[in-house]
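Thanks for coming. I will walk through one structure today, starting with one pair of strands and working outward from there.

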Amino acid sequence: MIVSLTHEHDLDGLGSQAIIKRYFDLKDKDKASSLTLLYAQYIDFSDKIKFILNSDELPNELIISDIGFNESFLEIFPLIKKAFACGCRISWFDHHIVNPDVKEQIKSMTTLYVNNEKKCATEIIQNHFLPSDNIAIRIAELAHDSDFKPIKIKLAKNLQSIIGFNRGEEKLQERRYIVDLLSKGKFTHQWFDSQLKNIKDWIDEQSNLALETAKKYQLDKKKEFVISYSKIGGGKINDILREKYPDLFAYIGIDIRYGEIIIHSDNINCRNFALTFGGGGHEERAGFKYRQIFSQDGIFDIQFIQDMKQELINQSSR
C-alpha cells in the first residue's frame, strides 16, 4: 500500500498529489491500484500520521507533500522513525521555511526529504516524478500561480475556489475526484463548471461577510492592521481585505469553519509571527491557531486582539 498525504485546502496540495497519482498510473499500474489519497491540515497532520502509521497494515510507502512544520509535529517524529526503521519508504516534499536542525532530523528518518522555498510543492514533485510530462508541467504551473500569484491565471483561481469549497471529511470523495481529473489533464470539465456555478453564491456571500466583519486596529499613528472572519479560507479572506484596504501593515483572516488563522504582511516575517502561536508557513504568509478568538458570537476576544497587536509590534521591531 502506498499513501499520499497532502495539504487539504489548496491547489498546491492537491496538484502535487495529482502528479503522484499520474506518475503511478503511467509507470506502475499495480502500485497505482494500491495508492490511497489522504488529506491533512496543519492542525490535524499529527493525527493523520498516527492514523496511517499506527494502522494494522503499515504502508510500504508514505509520500508527504505541501506540509511544512510546526512544534506540535515533534510528537510524531518517534513514530515516523519507527516506521522508517520497519521498512516504510517515506518521502517528504515541501517548500515552507523549516529550521536547519529540523530539516536534518527529517532527513535522518525519511528516504527522501526535499525542501525548496523558491518553488511550490507541486513544482518540486513534478521535477522529481515527471520532469518532462506536459500535463504534470501544466499542473505545476497552475499550482505555482495559485501559491505565489505571479500571473493570476483564471483557471488556477477557479480550481482554488473549488478546492476551498470542498474541505472537510465529508468532502473526501470530491477532493479525490479533483485529483483524478487533474492527473488525467482534464483541466476543463463539466464537473468543474457545475461546481463553479454551485459555489458562486457561496463565494459571494462569504466574501461579503469577510468585508462586513473586517475590523481595523492601530499599531501606531501610521500603521494599521485588519482582522476579519468568514467561512472561506483565511488566505482568500486576506486577498479580499488587501483589495479593499491595499496599504495596511498586516491582514489577518480567520476561517471560522476550522478556527484557522492566516496572516499576510509585506512588513514582517509572518512565519516568525505564526511560530509564536504554534504555527508556521512562509515569510509573507503563515497560519496558526489561537485558543479563544471570540468572547461571544462575532465579538473578538480582547486578549486575542491584544496578542495579535503585541506580536505585530514585536515582529516589526526585529
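**From one strand pair to the whole chain**

Let me begin with β4 and β5, which run parallel and are joined by four bridges. One contact point to look for is S91, whose bridge partner in β5 is L112. Before going further, please note that this is a predicted model.

On the sheet sits helix α6, residues 121-129, which touches β3, β4 and β5. The direction of α6 makes about 130° with that of β4.

Now the sheet as a whole. It is an open sheet of five strands in the order β2-β1-β3-β4-β5, and the pairing is parallel. Which strands are at the edges? They are β2 and β5, each of which pairs on one side only. From one strand to the next, the twist averages 10°. Helix α1, residues 11-27, also packs on this sheet, where it touches β1, β2 and β3. Its direction makes about 160° with that of β1.

Let me stay with strand β1, residues 2-7. Six of its six residues are buried, so β1 is largely enclosed by the rest of the structure. On one hand it pairs with β2, residues 35-40, in the parallel sense over six bridges. There, S4 stands opposite L37 of β2. On the other hand β1 pairs with β3, residues 61-65, again in the parallel sense, over five bridges. In that pairing L5 has I64 of β3 as its bridge partner. As general background, strands of a sheet pair through backbone hydrogen bonds, either parallel or antiparallel.

Next, the loop between β3 and α4, which contains D66. The phi of D66 is near 60°, a positive value in a residue other than glycine. For context, most residues other than glycine have a negative phi. Is D66 buried or exposed? Its relative accessibility is 1%, and buried means under 20%, so D66 counts as buried.

That brings us to helix α4 itself. Its buried residues are F77, L79, I80 and A83. Seen down the axis of α4, these fall within an arc of 160°, so they line one face of the helix. On the other side of α4, the residues P78, K82 and A85 are exposed. What do the buried residues of α4 pack against? Their partners are α3, residues 45-53, together with β4 and α5. After α4 comes G87, with a positive phi near 105°.

Helix α5, residues 100-108, can be read in a similar way. V102, K103 and I106 are its buried residues. Down the axis of α5 they fall within an arc of 105°, so they line one face of the helix. The face turned away from that buried side carries the exposed residues P100 and S108. The buried residues of α5 pack against α4, β4 and β5, and with β5 we are back at the strand pair we started from.

There is another sheet to cover. This is an open sheet of six strands in the order β6-β7-β8-β9-β11-β10, and its pairing is mixed. At its edges stand β6, residues 215-218, and β10, residues 280-281; each has a single partner strand, so one side of each is left without a neighbour in the sheet. Within this sheet, β7, residues 224-230, and β8, residues 250-255, run parallel and are joined by six bridges. I227 is one of the residues to find here, and its bridge partner in β8 is I252. Helix α11, residues 234-244, lies across β7, β8 and β9, running at about 140° to β8.

Finally, the chain overall. The secondary structure comes to 13 helices and 13 strands. Of the 318 residues, 54% count as buried. Among contacts with a separation of 6 or more, 63% are between residues 24 or more positions apart. The C-alpha atoms fill a box of roughly 60 × 45 × 35 Å, taken along the principal axes. Why call the size consistent with a compact globule? With 318 residues, such a globule would have a radius of gyration near 20 Å, and this chain has 20 Å, which agrees. The accessible surface comes to about 14,800 Å², with 48% of it belonging to carbon and sulfur atoms.

That is the tour.

How values were computed
Residues are numbered from 1 along each chain as its sequence is written. This is a predicted model: local features need pLDDT of at least 70, side-chain atom pairs count only at pLDDT 80 or more; totals for chains, interfaces and linings use all residues. Side-chain values use heavy atoms; hydrogens and water are left out. Buried means under 20% relative accessible area, exposed over 50%, partly exposed in between (1.4 Å probe, protein chains only). Helices (H or I, at least four residues) and strands (E, at least two) are DSSP runs, numbered from the N terminus. Two strands pair if DSSP finds at least two bridges between them. The arc is that of the directions from the helix axis to the C-beta atoms. Contact means heavy atoms within 4.5 Å. Axes are lines fitted to C-alpha atoms, for helices over the stretch in contact, and angles run from 0 to 180 degrees between N-to-C directions. The radius of gyration is taken over C-alpha atoms; the globule rule is 2.2 Å times the number of residues to the power 0.38. Accessible areas come from the Shrake-Rupley method with a 1.4 Å probe; for residues, only the protein chains shown count as cover.
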